[in-house]
Amino acid sequence: MFNDSWLKLLQQNRAIAVIRANKIELGCQMAKAVAAGGMQLIEVTWNSDRPAELISQLRRELPACTIGTGTILTLEQLQQAIASGAQFLFTPHVDSVLIQAAVARGIPIVPGALSPTEIVTAWMVGASCVKVFPVQALGGVSYIKSLQAPLGNIPLIPTGGVSLENAKEFIAAGAIAVGLSGQLFPKSFIEAENWEAIAQLAKTLMLDVFERES
């Protein structure tokens, strides 16, 4: 079943690089940099420049990576994303129509939720797992910990408050994976096109997460 392989992929990688780029060329370089650092789960937000084209390009140029998309708000965007080759989908909200459409196509979908009610609702409708966003609004790591007793059967991916310093703590608290954006792509590094420095951040993140897990 596609969901089992998706969950296994998350457990094997633990971290998703979230790319939001105002130029497609920039998005491509950002993706290649984190891939060079060992990250294999890459999300291109749909509000990036020419996201469908970027997803297709990354599928060709980074065959070892799994390329998905996020910030999907409408059914039309979801269909365009799947047509472009997106291998997983994130939304910032819970929408049963989007969830069911993705499930029907066999594409993992991870809706954004915050409260226990939203998280359970997303899961019951068919979400592959649930993005807890923005996690810092309700206490960060401690909130993920507190959800484990009642909702430990639901795989959670915190974003919006995950940093290079606390990513390992979210995993230890019970998250199946974490999503990072700005922390992996400091503005100064992007402006200087310092892709080696970004690759090193990705490498440090992956080593830290897995070292603390073992």
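Here are some short exercises on the structure above, each with a worked solution.

Before you start: the model is predicted, so local features are used only at pLDDT of at least 70 and side-chain atom pairs at pLDDT 80 or more, while totals for chains, interfaces and linings use all residues. Residues are numbered from 1 along each chain as its sequence is written, and side-chain values use heavy atoms, with hydrogens and water left out.

**Exercise 1. Work out whether the radius of gyration of the protein chain agrees with that of a compact globule.**

Step 1: The radius is taken over C-alpha atoms, and the globule rule is 2.2 Å times the number of residues to the power 0.38.
Step 2: For 214 residues the rule gives a value near 17 Å.
Step 3: The protein chain has 16 Å, which agrees.
Step 4: For the extents, the C-alpha trace spans about 45 × 40 × 30 Å along its principal axes.

**Exercise 2. Describe the make-up of the protein chain: its helices and strands, buried share and contacts.**

Step 1: There are 10 helices and eight strands; these are DSSP runs, numbered from the N terminus, with helices being H or I of at least four residues and strands E of at least two.
Step 2: Buried means under 20% relative accessible area, exposed over 50%, and partly exposed in between (1.4 Å probe, protein chains only). By that rule 53% of the 214 residues count as buried.
Step 3: A contact means heavy atoms within 4.5 Å. Of the contacts with a separation of 6 or more, 58% come from residues 24 or more positions apart.

**Exercise 3. Place Ser84 and Ala102, and find how far apart their C-alpha atoms are.**

Step 1: Ser84 sits in helix α4 (residues 75–84), and Ala102 belongs to helix α5 (residues 96–105).
Step 2: Both residues are buried, Ser84 at 10% relative accessibility and Ala102 at 0%.
Step 3: Leaving aside neighbours within four places in sequence, Ser84 is in contact with Trp46, Ala52, Ile55 and Ser56. With residues up to four places away not counted, Ala102 touches Leu78, Leu89, Ile107 and Ile109.
Step 4: A polar side-chain atom of Ser84 lies 2.7 Å from the backbone oxygen of Ala81.
Step 5: The C-alpha atoms of Ser84 and Ala102 are separated by 14 Å, with the two residues 18 apart along the chain.

**Exercise 4. Find which backbone atom the side chain of Asn166 reaches.**

Step 1: Asn166 lies in the loop between β7 (156–158) and α8 (167–172).
Step 2: Its relative accessibility is 16%, so Asn166 counts as buried.
Step 3: The side chain reaches the backbone nitrogen of Ser163 at 2.7 Å.
Step 4: Beyond residues up to four places away in sequence, Asn166 touches Val141 and Gly161.

**Exercise 5. Locate the cis peptide bond, and the residues with a positive phi at Thr71 and Glu193.**

Step 1: As background, most residues other than glycine have a negative phi, and most peptide bonds are trans.
Step 2: A cis peptide bond joins Phe133 and Pro134, with omega about -10 degrees. Pro134 is in the loop between β6 (130–132) and α7 (141–151).
Step 3: Thr71, which is not a glycine, has a positive phi of about 60 degrees; Thr71 is in the loop between β3 (66–70) and α4.
Step 4: Glu193, not a glycine either, has a positive phi of about 55 degrees. Glu193 is found in the loop between α9 (187–192) and α10 (195–213), and is exposed, with a relative accessible area of 53%.

Note on methods. Polar contact = N/O pair within 3.5 Å; in protein donor to acceptor, adjacent residues only side chain to side chain.
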